[in-house]
Amino acid sequence: MKTDKRALSVYIHIPFCIRKCLYCDFLSAPATDEMRTRYLKCLSSEIERESHKYCAYKVRTVFVGGGTPSLLSGNEMKQLLECVKLNYDVAEDAEITAEVNPGTVNLRKLEGYYEAGINRLSIGLQSADNKELQCLGRIHSYEEFLQTYENAVKTGFNNINIDLMSAIPGQTVESYQKTLKAVLSLNPSPTHISAYSLILEEGTPFGDNPPELPDEETDREMYKITDEMLKDSGYHRYEISNYAKEGYECIHNKVYWKRGDYVGFGIGAASLVDNVRFHNIADIEEYMGQLEKYKEISLPELHLKEDIQSLSVEEQMEEYMFLGLRLTEGISEKDFFETFQKSIHEVYPGLIAKLKKQGLIICEPEDENGNRIKLSDFGLDVSNVVMAEFLLTE
Amino acid sequence: MAQMDQSKIRNFCIVAHIDHGKSTLADRIIEHTGLLTSREMQAQVLDNMDLERERGITIKAQTVRTVYKAKDGEEYIFNLIDTPGHVDFNYEVSRSLAACDGAILVVDAAQGIEAQTLANVYLALDHDLEVFPVINKIDLPSAEPDRVKNEIEDVIGIEAQDAPLISAKNGIGIEEVLESIVEKIPAPGGSADNPLQALIFDSLYDSYKGVIIFCRIVEGKVSKGTSIRMMATGATADVVEVGYFGAGQFIPCEELSAGMVGYITASIKNVKDTAVGDTVTDNKRPCAEPLPGYKKVNSMVYCGVYPADGAKYPDLRDALEKLQLNDASLHYEPETSIALGFGFRCGFLGLLHLEIIQERLEREYNLDLVTTAPGVIYKVHKTNGDVIELTNPSNLPDPAEIEYMEEPVVSAEIMVTTEFIGSIMELCQERRGKYLGMEYMEASRALLKYELPLNEIIYDFFDALKSRSRGYASFDYELKGYEQSELVKLDILINKEEVDALSFIVHKESAYERGRRMCEKLKDEIPRHLFEIPIQAAVGGKVIARETVKAMRKDVLAKCYGGDITRKKKLLEKQKEGKKRMRQVGNVEIPQKAFMSVLKLDEN
């Protein structure tokens with residue numbers, strides 16, 4: 001085994017849902033069995049025909065996201081991952097995550113996923129309050145989540161993330177606290193918790209017809225107790241919205257923030273390879289049409305990608321900053337210099353000092369070659385303000 | 001053109017309330033006298049600025065000469081002088097009227113007489129014009145021509161029973177109007193043998209010809225080569241060309257003589273030399289006296305005009321220079337604001353004039369502007385006897401040096417249906433109006449007379465008037481003079497720093513209310529910062545109102561999914577872009593919108 005291979009992460013998009021949640025603006029649609037079968041075939045075909053570009057890479061993580069990937073049967077999941085493993089050099093110890101929606105999986109399916117090689121589950125709970133779940137347009141109840149979680153543990157999954165949401169319409173500090181407590185009292189407790197607050201996106205039912213949200217003070221209070229309660233229970237915050245137990249940080253996620261190489265398959269999936277960003281087309285018919293037409297031949301190159309953007313050095317630097325600062329470990333002056341052959345202070349004259357003075361960032365000595373720069377607690381709260389400062393391009 | 005029978009000339013204008021159909025009638029007259037074929041006819045020929053056509057108002061006086069073959073078989077020359085239709089341009093209206101011998105009064109058959117109808121008709125009668133009425137829009141279902149006829153007779157006291165009933169829009173009754181012009185409007189007097197005496201009623205700057213003077217020859221004659229002198233400004237020049245007004249074009253002719261309306265060019269570089277109302281005479285054979293009625297037009301309303309992008313300051317200066325070539329009533333001088341940087345203090349005839357200039361700067365010169373609250377000219381009497389004319393609140397001397405202050409007041413006439421009298425009187429009361437009296441026009445309408453401080457009506461008075469009368473009230477005013485008043489400077493402090501561009505002068509009694517509303521409005525306009533921002537209104541260093549913009553607690557974009565960071569970056573870019581459009585005062589960033597929003601502290 002060659003050890004000098006570059007690391008690659010793979011994202012696979014499953015765009016199907018039983019029903020779209022009211023806040024969700026990701027690509028998804030309800031689908032028939034037939035449609036799903038067609039799509040999975042095309043997906044395999046895409047994964048296969050793209051593989052020659054990634055011979056020099058070793059796949060360190062795979063993430064099957066959606067939509068609702070857990071609409072896939074155990075068998076379908078197995079075939080999908082097999083396709084990846086056949087065509088790519090997937091590391092033995094790769095982190096392989098599937099997103100799972102309570103209410104879409106039973107014990108058998110989970111066992112199928114486990115056998116397929118999934119070793120990390122991300123369960124979208126959002127809230128332990130059924131009224132709140134209903135308000136969001138989720139398809140499951142808290143009780144169904146409990147069942148799913150129990151089954152996952154029984155199956156043997158020992159690395160489980162739970163997605164939680166705050167600032168849900170009608171949510172109170174008390175009900176949110178109850179959700180947190182419920183999650184923390186699970187046995188065994190989850191290894192990872194993602195805690196987001198609800199954001200109204202344009203083009204969603206919530207965005208078009210905004211519900212009344214908890215006020216800013218409540219939102220803020222929820223935010224604070226998330227931090228306190230999770231820290232008390234042995235989780236550490238390693239990213240703005242992500243908490244993990246020691247050794248269970250999501251490797252795949254960190255690749256995004258550290259600007260590692262990743263390739264996305266399926267409609268709308270985003271990629272960053274060698275400082276080129278692109279994403280797949282969003283139209284499912286167009287996507288499948290092209291892949292089906294040229295099923296048997298690996299040429300010509302299909303028109304599946306759009307917005308192909310080769311990042312300038314400035315763009316790389318600004319990304320490095322505003323993505324890197326999402327991680328609580330921050331960024332390293334030394335690493336910045338090694339990456340760009342330029343000092344961070346030369347690129348952003350006076351900015352670090354200014355933000356430090358405003359109490360938004362802190363600088364901690366890393367070694368004799370420089371500091372680590374990270375967001376302060378306050379900076380974490382208002383991270384957009386800080387990150388906007390690091391934009392270089394007009 | 002050498003032989004011109006003075007008795008066959010008719011110089012006239014059309015007076016009307018806004019929207020009663022003045023410009024449409026003008027179009028019909030031009031069309032019917034065959035000056036333009038209908039193919040050349042564009043709706044409302046005389047309003048030739050885009051802005052005028054859009055707003056349906058006339059800003060600059062326009063003039064057109066046309067020939068009408070009357071039923072008596074004779075050809076008559078009609079000089080139609082279209083006057084500006086807004087109270088801001090009252091003086092210009094009066095000079096245009098002075099150039100006429102008669103006026104057509106257009107009254108809407110449904111609405112009847114309105115405040116501006118009255119103001120304009122009185123103005124016309126003051127100039128001894130022969131006025132005859134026409135009733136327009138008779139094809140409207142709500143038309144009541146008989147009621148309106150009686151109203152004209154009762155209220156104005158001019159004969160109206162045989163007034164032509166017309167629809168200018170649909171071309172009904174136009175022939176009758178043309179005959180009435182011939183019959184009822186007197187031919188001009190004066191003699192070509194007398195020394196030259198010509199009234200300037202407008203002027204225009206043309207980059208090839210220089211200033212083009214629009215004038216009425218009252219006495220004498222003028223032709224190419226005549227050495228002329230403007231009697232008030234003293235400017236002299238040799239005439240290069242004379243002529244009359246075709247539709248949208250200047251048609252040169254040999255000479256202009258008594259009774260005629262036309263133009264003169266003389267390589268004059270600045271419209272300031274050819275003030276409206278001034279008398280042109282022959283430098284070698286001057287007339288004994290200038291024509292009566294000249295006055296220097298003063299700006300009534302001032303405000304600061306700043307480029308949104310500081311780097312555009314030279315562009316703004318150039319644009320103002322160009323506009324001023326054509327608009328002698330626009331004044332400007334450079335000023336500096338701590339908050340807004342370099343800009344100009346500009347003087348205008350009124351709020352409409354201000355809006356027009358602002359719109360033209362933005363539209364024709366592509367400038368993004370920030371304007372400060374409009375104010376009037378206050379007279380500050382200092383303890384040492386000096387009197388300052390204050391146009392910029394920031395220049396107010398220390399209160400200890402002020403003996404007293406005066407503010408301009410206007411006499412206003414408001415025409416309103418009786419059901420709204422109560423609410424309009426209330427409004428005038430709130431605006432410190434002094435009730436002068438009320439006249440009933442007829443059973444259902446009344447004319448309210450008030451004396452009002454000008455600074456109370458330049459903001460949103462007209463809007464308030466409309467909203468409190470469901471759009472029915474009409475309004476006219478003229479400057480009356482100055483009166484002593486208890487005025488104070490209201491300062492706005494943002495994060496303890498005074499923002500000069502937001503200061504304004506206000507009556508002591510209104511200071512608290514205005515200050516409170518300013519603070520409320522600013523609170524909504526200023527985005528949250530990383531720290532708490534107090535917004536205070538203060539008079540003489542004493543805080544009278546306060547609001548607080550709470551500190552930003554949270555600004556996180558949490559979800560970032562599947563590695564799609566482009567949307568996230570766009571959001572950050574938007575945030576950064578928004579910042580660029582802010583003005584920095586101390587360590588607070590104030591959106592430009594905030595400076596503008598406080599201009600309209602609307603009702604409720």
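# Close-up views of a predicted two-chain model

**Figure 1. B:D128 sits in the loop that runs between α4 (115–126) and β5 (130–136) of chain B.** The model shown here and in the following views is predicted. The phi angle of B:D128 is positive, at about 60°, although the residue is not a glycine. B:D128 counts as exposed, because its relative accessibility of 68% lies over the 50% cut-off.

**Figure 2. B:N366 occupies the loop between α8 (351–364) and β19 (369–371) of chain B.** B:N366 is a residue other than glycine, and its phi is positive, near 55°. With a relative accessibility of 65%, B:N366 counts as exposed. The cut-off for that class is over 50% relative accessible area.

**Figure 3. An open sheet in chain B has eight strands with antiparallel pairing.** The strand order is β10-β9-β15-β6-β7-β14-β11-β12. At the edges of this sheet are β10 (236–238) and β12 (250–253) of chain B, each of which pairs on one side only. From one strand to the next, the twist averages 40°. Strands of a sheet pair through backbone hydrogen bonds, in either a parallel or an antiparallel manner.

**Figure 4. Strand β9 (residues 227–230) of chain B is joined to β10(B) by three bridges.** The two strands run antiparallel. Within this pair, B:R229 stands opposite B:T236, a residue of β10(B). Strand β10 (236–238) is one of the edge strands of the eight-stranded sheet in the previous view.

**Figure 5. B:S485 belongs to strand β26 (residues 474–485) of chain B.** Is B:S485 buried or exposed? At 12% relative accessibility B:S485 counts as buried, because this value is under 20%. Its side chain makes a polar contact with the side chain of B:E407, at 2.9 Å. Leaving aside neighbours within four places in sequence, B:S485 is in contact with B:M405, B:E406, B:E407, B:R432 and B:H507. B:E407 therefore appears both in the contact list of B:S485 and as its side-chain polar partner, where a polar contact is a pair of N or O atoms within 3.5 Å.

**Figure 6. B:E525 is found in helix α12 (residues 508–525) of chain B.** Which residues does B:E525 touch, not counting those up to four places away in sequence? They are B:P591, B:K593, B:A594 and B:S597. The relative accessibility of B:E525 is 18%, so this glutamate counts as buried under the 20% cut-off.

**Figure 7. Two cysteines of chain B, B:C215 and B:C287, are buried.** B:C215 has a relative accessibility of 0%. For B:C287 the relative accessible area is 10%. Both values are under 20%, and so both residues fall in the buried class. How many disulfides are there over all chains? The count comes to zero, where a disulfide requires a pair of cysteine sulfur atoms within 2.5 Å.

**Figure 8. The peptide bond from A:G66 to A:G67 is cis.** Its omega is near 20°. A:G67 lies in the loop that connects β2 (57–66) with α2 (74–87) of chain A.

**Figure 9. A cis peptide bond joins A:N187 and A:P188.** Omega for this bond is about -5°. The proline, A:P188, is placed in the loop between α6 (173–184) and β6 (192–197) of chain A.

**Figure 10. Chain A has 16 helices and 15 strands.** Of its 394 residues, 57% are buried. Among the contacts in chain A with a separation of 6 or more positions, 70% are between residues 24 or more positions apart. Chain A exposes about 17200 Å², and carbon and sulfur atoms supply 49% of this area.

**Figure 11. Chain B has 14 helices and 33 strands.** Buried residues account for 58% of the 604 residues in this chain. For contacts in chain B between residues at least 6 apart in sequence, 68% join residues at least 24 apart. The exposed area of chain B is about 25300 Å², of which carbon and sulfur atoms supply 47%.

Notes: Residues numbered from 1 in each chain as written. Chains lettered and ligands numbered in written order. Predicted model: local features only at pLDDT ≥ 70, side-chain atom pairs only at ≥ 80, totals over all residues. Heavy atoms only, no water. Buried < 20%, exposed > 50% of the residue type's maximum accessible area, 1.4 Å probe, protein only. Pairing = 2+ DSSP bridges. Helix = DSSP H or I, 4+ residues; strand = E, 2+ residues; numbered from the N terminus. Axes fitted to C-alpha atoms, helices over the stretch in contact; angles between N-to-C directions. Contact = heavy atoms within 4.5 Å. Areas by Shrake-Rupley, 256 points an atom, 1.4 Å probe, with all protein chains shown as cover. Polar contact = N/O pair within 3.5 Å; in protein donor to acceptor, adjacent residues only side chain to side chain.
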